[in-house]
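This report describes a single protein chain, beginning with its overall architecture and then turning to two selected positions. The sequence and the structure are shown below.

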Amino acid sequence: NVFTGTQQVPISLAYPPNWILSTPSAGASEVDFFPPSKPENILAEYTGDLSVVALPNPTGADLVTFYKKAVVNLFVNCVSSSQFTVNGLPAAEFVDIFGDIPTTVASLDKGGTVIQISDVGDQHQSDGIFNMIVNSAH
C-alpha cells in the first residue's frame with residue numbers, strides 16, 4: 001500500500017499491505033497508520049501506531065534551525081539524535097522524546113514543510129515497520 005500524500009501532508013509513504021490508513025479529514029495535517037488487530041479508538045485516544053504530521057516551515061529552514069525555533073527542540077529533547085538522508089531528503093531521527101511514552105520520531109525536510117513520522121510507544125523498532133515507512137518517503 002502507498003499513501004500518495006495530500007496538499008496538507010505532501011509526502012508519499014509505503015506501508016504494510018494489511019495496515020489501515022486513517023482517512024484524513026479535509027485540511028488535516030496528520031495521517032495515522034495502524035495494524036488491523038488494533039482498530040482506531042478516538043475515545044481511548046488511540047489513532048494509530050504510527051503518526052505522520054506535517055509542520056509548516058515557511059522559511060525553508062534546515063532541520064536544526066527549524067527545531068531551534070520550534071516550541072520543542074527535538075534535537076535537545078531526546079535521548080539521542082542522528083541526521084541522515086532519505087531518498088535525497090535531509091532527515092533526522094530522535095530517540096525517546098522526553099516527556100512522552102517511549103517514542104522515536106523521524107523528521108524529513110521537504111523545504112516548506114517538515115514531516116514528522118512518530119513510532120508512538122516504540123512499537124515498531126524491532127519489526128522494521130517504522131524503518132520501512134521512513135525509508136520509503138519521497
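## Fold and secondary structure

The chain contains two helices and nine strands. The model is a predicted one. In sequence order, the elements follow the pattern β-β-β-β-β-α-β-β-β-β-α.

## Dimensions and packing

For 138 residues, a compact globule would be expected to have a radius of gyration near 14 Å; the chain has 14 Å and therefore agrees with that expectation. The C-alpha trace extends over about 40 × 30 × 30 Å along its principal axes.

Of the 138 residues in the chain, 43% are buried. Among contacts with a separation of 6 or more, 38% are made by residues 24 or more positions apart.

## Surface and charge

The accessible surface of the chain amounts to about 7000 Å². Carbon and sulfur atoms account for 55% of that surface.

The chain carries 4 positive and 13 negative charges. The mean position of the positive charges and that of the negative charges lie 12 Å apart.

## Gln-116 in strand S9

Gln-116 belongs to strand S9, which covers residues 113–120. Is this residue buried or exposed? Its relative accessible area is 15%, and because the limit for a buried residue is under 20%, Gln-116 is classed as buried.

The side chain of Gln-116 forms a polar contact of 2.7 Å with the side chain of Tyr-67. Tyr-67 also appears in the list of residues that Gln-116 touches, once residues up to four places away in sequence are set aside. That list further includes Ser-51, Val-52, Val-53 and Leu-55, together with Leu-74. Val-105, Ala-106 and Ser-107 complete the set.

## Pro-10 in the loop between S1 and S2

Pro-10 is located in the loop that links strand S1 (2–3) to strand S2 (13–14). Its relative accessibility is 28%, and because partly exposed residues fall between the limits of 20% and 50%, Pro-10 counts as partly exposed.

Which residues does Pro-10 touch, not counting those up to four places away in sequence? They are Ala-54, Lys-110, Thr-113 and Ile-115. Ala-54 is 44 residues from Pro-10 along the chain, and the C-alpha atoms of the two are separated by 7.7 Å. Thr-113 and Ile-115, both touched by Pro-10, fall within the residue range 113–120 of strand S9.

Key. Residues are numbered from 1 along each chain as its sequence is written. This is a predicted model: local features need pLDDT of at least 70, side-chain atom pairs count only at pLDDT 80 or more; totals for chains, interfaces and linings use all residues. Side-chain values use heavy atoms; hydrogens and water are left out. Helices (H or I, at least four residues) and strands (E, at least two) are DSSP runs, numbered from the N terminus. The radius of gyration is taken over C-alpha atoms; the globule rule is 2.2 Å times the number of residues to the power 0.38. Buried means under 20% relative accessible area, exposed over 50%, partly exposed in between (1.4 Å probe, protein chains only). Contact means heavy atoms within 4.5 Å. Accessible areas come from the Shrake-Rupley method with a 1.4 Å probe; for residues, only the protein chains shown count as cover. Lys and Arg count as positive and Asp and Glu as negative; His and the chain ends are not counted. The place of a charge is taken as NZ of Lys, CZ of Arg, CG of Asp or CD of Glu. A polar contact is a pair of N or O atoms within 3.5 Å; within protein, one must be able to donate a hydrogen and the other to accept it, and residues adjacent in sequence count only if both atoms are side-chain atoms.
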